[in-house]
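User: I would like to go through the charged pairs in this model and the reasons for the labels they carry.

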Amino acid sequence: MNYLNMKRRHTLQYLLPVIALLVTAASCKVGQAYKRPEVPLPQEFRAVATADTSSIADVEWKQFFTDPALQSLISKGVSYNYDLQIALKRVAASEQTLKQAKLLQLPQLSFSVTGQTTNPSNNSLNGLSIGSFIKKQHVEDFNAAFNLTWEADIWGKIRRQQEATMAGYLQTYEASKAVQTQIVSNIAQGYYNLLMLDEQLNIAKKNLALTDSTLRFTQLQRNAGEVTTLAVQQVEAQKQSTALLIPQLEQNIAIQENALSILTGSLPAAVERGKGLFSSDVPQWLTPGIPSAIVSRRPDVRAREMELITANAKAGIAQANMYPSLSITAQGGLNSYLANNWFNIPASLFGTLLGNVTQPVFQQRRLKTELETAKIQREQSVLEFRQSVLTAIGEVSDALVATEKLKEQKTIASNQADTLQLAIKNARLLFKSGMANYIEVLSAQSNVLQSELNLANIHRLQLSAAVDLYRSLGGGWK
């Protein structure tokens, strides 16, 4: 025991100055602390009269989309969409890296057991010495030891590495939320487009029946000698143009159903509908909130900020690499050149302690290049972050303008459709009484068809603008 105490005191004499140095240097940390760069933001979004802190981005998607069929599609998409599953796997892999980064400041410890035999030349100095001292032609060495290595985080390099790893993890997490918001938006957009195609198909079929009735009446007039064969041909061509819309719309419906199926991680199949197009009301509560909140609400902007934090931490790491590094290695265990004395304690005990300070002197400008490159990449990340905020503000403003102007378009298109419906009734009555010709009837029917198709499209655009606003504000990941 006295022997062991002497060895401990001897070791402490060397460790105390090193510990004092570490305590003094522990507070050092090079590099800039992260601070969110200034981004010029308006007080309110364009086309918004007053600023309101409440925002539809805070509403869960199940509350924003009330159609049960649409809710079912979105739920399947969130659960089974492959792009989202891939994004979540990236989060899981990044989480493992984060767990490892939390232990970077701890020492590395390993255990090794070795056995070695050396047979030097009999004519060498080692061979002659071995033969003289231990009367053998070879030397055996048996070693069992714990090996410890630890680098002091004097300049905060390891802490910067941990910051970068944490930011990288948060980036993948925010990126997965951004993928979900896009998937929710794409499914809603596709569903509303499907409802529009269904409505346009019904409009085409209804107008085809109307044109068929006009064709039969025109044929009767031709048989009576009141109109020529040209009139019949033109009415028939109008019927064929309307009939051509039906297979085109049916094709688009099938393609849209396939796209929705793929978004939900399913094989292409028919998609269940709930409400009709005009039964799907545009949400009336479309408050965007204030522009400054978009930085914290929108996942893709948050992901860009995490990239910036990572770049800032890497610049700190590159700077720390240019300063001296202090590492301590220690080894202790049992050592003997005879196997039968290997576990003879305390005689076989040994220990070594090494402190190493390394200062890079000339690295062919590698460290300087890495530092300057890291600074440039940090500046690039600042610009990308600002650009992402600007893009987000622009997308919200676009959606707000579309929402407002589509209301006006919907009112005009609805009045136009009503007017043309009345016009075609009058035209058919006048045609049957001989007070209007077939050209006027064909023109009225064509105008009604286009106005009803346009009205369905505008209503779909209204729904799409609401979805765009919800997504652009960062809604959909809750």
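User: What makes Lys-206 and Glu-452 a salt bridge?

Analyst: In this predicted model, the closest N and O atoms of Lys-206 and Glu-452 are 3.0 Å apart. The cut-off is within 4 Å, so the pair counts as a salt bridge. Lys-206 lies in helix α6 (residues 157-223) and Glu-452 in helix α11, 246 residues apart, so the pair links distant parts of the chain.

User: Why is Glu-452 called buried?

Analyst: Its relative accessibility is 10%. Buried means under 20%, so Glu-452 qualifies. Lys-206, at 45%, is partly exposed, because that value falls between the 20% and 50% limits.

User: How do you know that Arg-216 and Asp-212 are separated by about one helical turn?

Analyst: The two are four residues apart in helix α6, which means about one turn. Their side chains meet in a salt bridge at 2.4 Å, N to O. That value is within 4 Å, so the definition is met.

User: Why is Lys-478 with Asp-58 given the same label?

Analyst: The N to O distance is 3.7 Å, again within 4 Å, so this pair is a salt bridge. Lys-478 sits in the segment after α11 (438-472), and Asp-58 in the loop between α1 (2-25) and α2 (61-64), 420 residues apart.

User: What is the exposure class of Lys-478 and of Asp-58?

Analyst: Lys-478 has 37% relative accessibility and Asp-58 has 39%. Partly exposed covers values between 20% and 50%, so both residues get that label.

User: How many salt bridges does the rule give?

Analyst: The count comes to 22. Arg-36, Glu-174, Lys-177, Arg-302 and Glu-305 are linked in a network of salt bridges.

Methods. Residues numbered from 1 in each chain as written. Predicted model: local features only at pLDDT ≥ 70, side-chain atom pairs only at ≥ 80, totals over all residues. Heavy atoms only, no water. Buried < 20%, exposed > 50% of the residue type's maximum accessible area, 1.4 Å probe, protein only.
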